[in-house]
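Notebook open, coffee poured. I want to go through the ring contacts first, then the sulfur link, then the strand pairing.

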Amino acid sequence: MRTTRLLAAAGLAALTALLAPGAALAAPTDEDDTSRSDAGTSFRTATEIEQGHRATASASTGDYLYWSFPADAGQRPTVKATVKLPESAAGRPDTRWRVDVYDGLRRRQSCMYGMQSRPADAAKVDLTCVLRPVRAWSDPWSNDPLPGTYYIRLTATGLKTADLGSPVTAEVEATSKDIGGSAAVDGSLAKPLVPGASVDTGDSGSRAALSTAEPEDGWASGWWTDRWLWTGAGGVLAALAGIGGYALTRGNGRPPSGA
């Protein structure tokens, strides 16, 4: 039995070592920074923002406001938007504010849940869109989210002519939850899907350029996921179960020959 206890202790130590890195990978970051910037008016002029940082902009009712952010495989992005309206523009149930999210191929991504559209019946309108987990690989015919740049579009619909041009303040924030191995697939992209386009303003004028935004820790699409940790943990538990079953069924050895 002493040997069994030693083997069990060694197995538990190995299991702890396997699970510890996974806990470190899943540790949340506490970033709550607010930066003021102007929103873009199209996909090409979308303002780049980092995940975990709120961006605010002043605009007019009727404008299309665009921001962009990077999202990597294994993440489940959440986009939150807040619109503050003047008293003259509030209390209009026919006017609805809406937030949409598009990937780098301009494909609109559906929201798993969240209030994506609300009427302008108060001075403050809060919107939320929780996307599906970003996958490292997908079939060509699928509309699954893939690693790359994502665009946020905020606009109002059902406006009356008298409401056009009313000043509003918009605030957006993109965050992600690390889903990890539960969203892993058998394959990966060598590079992020269409990193997105931006406008580079230099001495020679404005020109289109690829977006340079990327996740804080870089693009991590590849063969490694925390599913490997759970696979190893399952192997250790199976070995412990086998050792325990052997210890319970082996008995006290062979009986004496004269028995």
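**Entry 1: aromatic rings.** I counted the ring pairs and got 4 aromatic pairs. Worth noting up front: this is a predicted model. I then looked up Phe 43 with Tyr 151, and their rings meet edge-to-face, with 5.3 Å centre to centre and 90° between the planes. Where do the two rings sit along the chain? Phe 43 is in the loop between strand S1 (33-36) and strand S2 (47-48), while Tyr 151 belongs to strand S11, so this pair ties together parts that are 108 residues apart in sequence.

Next I checked whether these two rings are buried or exposed. Phe 43 has 17% relative accessibility, and I call a residue buried under 20%, so Phe 43 goes down as buried. Tyr 151 is buried as well, with a relative accessible area of 1%. I also followed the ring pairs outward: they link Phe 43, Tyr 66, Tyr 102 and Tyr 151 into a cluster.

**Entry 2: the disulfide.** How many disulfides does the model have? I found 1 disulfide. The cysteines are Cys 111 and Cys 129, with S to S at 1.9 Å. This pair links distant parts of the chain, as Cys 111 lies in strand S8 (residues 111-113) and Cys 129 in strand S10 (residues 124-131), 18 residues apart. I looked up the twist too: the angle about the S-S bond is -100°, and the link of Cys 111 and Cys 129 is left-handed. As for accessibility, Cys 129 comes out at a relative accessible area of 0%, so I have Cys 129 as buried.

**Entry 3: partners of S6.** I picked strand S6 (residues 92-102) and listed its pairings. With strand S11 (residues 148-157), S6 runs antiparallel and shares 7 bridges. In that pairing, I found Asp 100 opposite Arg 153 of S11. Strand S11 is also where Tyr 151 from my first entry sits.

With strand S9 (residues 117-120), S6 is again antiparallel, and 4 bridges join the two. Which residue of S9 is the bridge partner of Trp 97? I read off Arg 118.

Strand S7 (residues 108-109) is antiparallel to S6 too, with 2 bridges between them. There, Val 101 has Gln 109 as its bridge partner. S6 and S7 form a hairpin with 5 residues between the strands. I checked the backbone in that hairpin, and Arg 106 takes a positive phi near 65°.

Note on methods: Residues are numbered from 1 along each chain as its sequence is written. This is a predicted model: local features need pLDDT of at least 70, side-chain atom pairs count only at pLDDT 80 or more; totals for chains, interfaces and linings use all residues. Side-chain values use heavy atoms; hydrogens and water are left out. Two strands pair if DSSP finds at least two bridges between them. Rings of Phe, Tyr and Trp (its six-membered ring) pair if their centres lie within 6.5 Å; planes under 30 degrees apart count as stacked, over 60 as edge-to-face and the rest as tilted. Buried means under 20% relative accessible area, exposed over 50%, partly exposed in between (1.4 Å probe, protein chains only). A disulfide is a pair of cysteine sulfur atoms within 2.5 Å.
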